[in-house]
Amino acid sequence: MSAKRIAGLLLRHLYLYRRSLTRMLEVAYWPVMDLLVWGFVSLYIAQVPAKLPPVIGFFLGAMIFWDIFYRAQQAIAISFLEDVWARNLINLFITPLSVGEFLTATMILGILKVTVTSLLLVVLALSLYHFNLFHLGLSLIPLVANLILTGWWVGILTTGLILRFGQGAESLAWALAFLFQPFSAVFYPLSVLPPLVQVVGWYLPTTHVFEGMRQIIAGGGLSWAHLAWATGLNVIYLFAAMGIFQWAMAVARRLGLLLRVEG
Amino acid sequence: MDPVLKVTNLTKVFNGLRAVDGISFEVARGEIVGVLGPNGAGKTTTIAMILGLLTPTAGTIQVLGMSMPQERQRILARVNFSSPYVAMPYNLTVLENLLVFAHLYGVQAPGKKIRELLEIFGLSTHSHQLTGRLSSGEATRLGLVKALLNDPEILFLDEPTASLDPDAAEHVRQTLLRIQQERGMTLVYTSHNMQEVERLSHRIIFLHRGRIIAEGSPAEVLRRFQQESLEQLFLEVARKQ
């Protein structure tokens, strides 16, 4: 691993973001729109005269957490697509850059994007809806870390599939993460789902993060069981995704896909 | 002969089609070798295998005494490649792109190196221009600047003057020759400009349907095929396809 090469690839994306208004907006615009919509929905539900759990916290916490996962995944998948669109992949893969360095740089980019987006959302949620995510205390750290881990392996998996199946599969960069949403019990408890779907949800690390978050907001404290499940599943899936990426790269080198994926 | 590149029985099969069919050749340090052949002859496939972009079906590749793909990273640090058909991010400036690649190649004092190379290729005034706004000729020269950032011991070029007007092409040829002579760099390149190949190459490797059909100095190859120019030879081979 060379820190200089990782910094080089990171620099390539930071230069891009510095200059591109649309890419900067992507970091801020969609998350803020989501926050506004879910914030107002929460305010409305909170006015309903029924004994409901702290809905504002549930919805806004879920929305911010979902965005952390989504931005971490996007950072990896879209970074790869940027080089596909720029017809720069061959230039990159004839440098001494290793697959590990390539993925590490995009993972770091993910952390940077997540930091900017979540800070913006936390400040807005506090000022508009008086919801302070930091009330979750130190429990926030392992939950967020798990969301970033999930974002990484889904991003790596997406990139591997695009590498293997070409630009025709690029919509996966946006679609794959949303495949997780209905099963991850993001905005509702897992118990709402039909029993069979609950089993699917149980094996997604995101489900345990969102269940854990709701338990903390409801005053139940950090669930070590959910945290252990989320971490364990993430570690397994991260290694599996890296294996799939290595396989996709080997297939790409065997079939000449690196020469063709740029279209 | 001190081979910096040794290819033995190299074969690449795609869906039963032998794109490269058991070719073997060596390139000596400081040599300029032109790889010729009609479209589909296997030139790009061969170079892609040497650069580790493609895994060979069979055969071995030794670059600077190291095996590709087993020692890919160590090899790639000491070679480079440029092609007018491979772009750099259009939404970064010339300087930003070069700084990124300088990092990737671990170039010491990248600022100085980039300034020198931009000057040599007449791109100094474009350093803050977006890469996407360069003309095709300027983009080709930028590709060459990128390819020389790490002082490669072997430089692979794919049609280096394809998108250049005659004056710019001559400037690039002279510049590459000068750099090659100053640094003792090995140059392996493909071109469809037969006059250029005759003028520049110490040796040519003529590929046809994945096989080497001729190898030697341009004069030797012309004698063997009883042709007056490489252009005539090329046309004869291409029309026999």
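In the predicted model, V63(B) has M66(B) of β5(B) as its bridge partner. The two strands concerned, β4(B) and strand β5 (residues 66-68) of chain B, are antiparallel and are joined by three bridges. They form a hairpin with two residues between the strands, and in this hairpin L64(B) adopts a positive phi near 50 degrees. A further strand also pairs with β4(B): strand β1 (residues 3-14) of chain B is linked to β4(B) by five bridges in the antiparallel sense. Within this pairing, K6(B) is matched with Q62(B) of β4(B) as its bridge partner.

T60(B) belongs to strand β4, which spans residues 58-63 of chain B. Because 14 C-beta neighbours lie inside 10 Å of T60(B), this residue is classed as partly exposed; the buried class would need 20 or more. When neighbours within four places in sequence are set aside, the contacts of T60(B) are T8(B) and S67(B). T8(B) falls within the span of β1(B), residues 3-14, and S67(B) within that of β5(B), residues 66-68. A separation of 37 Å was computed between the C-alpha atoms of T60(B) and T131(B), which are 71 residues apart along the chain.

A parallel pairing occurs elsewhere in chain B. Strand β6(B) and strand β7 (residues 154-158) of chain B run parallel and are joined by four bridges. N80(B) of this pairing has L155(B) in β7(B) as its bridge partner. In a regular strand, side chains alternate between the two faces of the sheet. Strand β6 (residues 79-82) of chain B has V79(B) and F81(B) pointing one way, while N80(B) and S82(B) point the other way. All four of these residues are buried.

Two of the β6(B) residues also appear among the contacts of F156(B). With neighbours within four places in sequence left aside, F156(B) is in contact with V79(B) and F81(B), as well as with I47(B), I50(B), L51(B) and V188(B). F156(B) and F65(A) are the residues with the most contacts inside the largest nonpolar core, which has 142 residues. The element that gives the most to this core is helix α3 (residues 55-85) of chain A, with 17 residues. Domain 1 (1-78 + 154-160 + 186-241) and domain 2 (82-151) of chain B each provide at least three residues of this core.

The division of chain B into these domains was examined next. Domain 1 of chain B consists of residues 1-78, 154-160 and 186-241, and domain 2 of residues 82-151. Their C-alpha centres are 26 Å apart. The contact between them involves six residues from domain 1 of chain B and eight residues from domain 2 of chain B. On the side of domain 1 of chain B that touches domain 2 of chain B, four residues are nonpolar, two are charged and none is polar.

A residue of helix α3 (residues 94-104) of chain B, E96(B), was also considered. E96(B) counts as buried because it has 23 C-beta neighbours inside 10 Å, and the class begins at 20. The C-alpha atoms of E96(B) and V197(B) are separated by 33 Å, with their positions 101 residues apart along the chain.

Chain B as a whole contains nine helices and 10 strands. Its radius of gyration is 18 Å, close to the 18 Å that the globule rule gives for 241 residues, so chain B is as compact as a globular protein of that length. The C-alpha atoms of chain B occupy a box of roughly 50 × 40 × 35 Å along the principal axes. Of the 241 residues in chain B, 47% are buried. Among contacts in chain B between residues at least 6 apart in sequence, 67% are formed by residues at least 24 apart.

Chain B also touches chain A, through a contact that takes 28 residues from chain A and 25 residues from chain B. On the chain A side, at least two residues each come from α1 (3-19), α4 (89-93), α10 (224-255) and α11 (257-260). The largest share of this side, 10 residues, is supplied by α1(A). By residue type, the side of chain A that touches chain B comprises 13 nonpolar, eight polar and seven charged residues.

Conventions. Residues numbered from 1 in each chain as written. Chains lettered and ligands numbered in written order. Predicted model: local features only at pLDDT ≥ 70, side-chain atom pairs only at ≥ 80, totals over all residues. Rg over C-alpha atoms; globule rule 2.2 N^0.38 Å. Buried ≥ 20, exposed ≤ 12 C-beta atoms within 10 Å, placed from the backbone. Contact = placed C-beta atoms within 7 Å. Nonpolar A, V, L, I, M, F, W, Y, C, P; charged D, E, K, R; others polar. Domains from an automatic or database assignment. Pairing = 2+ DSSP bridges. Core = buried A, V, L, I, M, F, W, Y, C linked by C-beta atoms within 7 Å.
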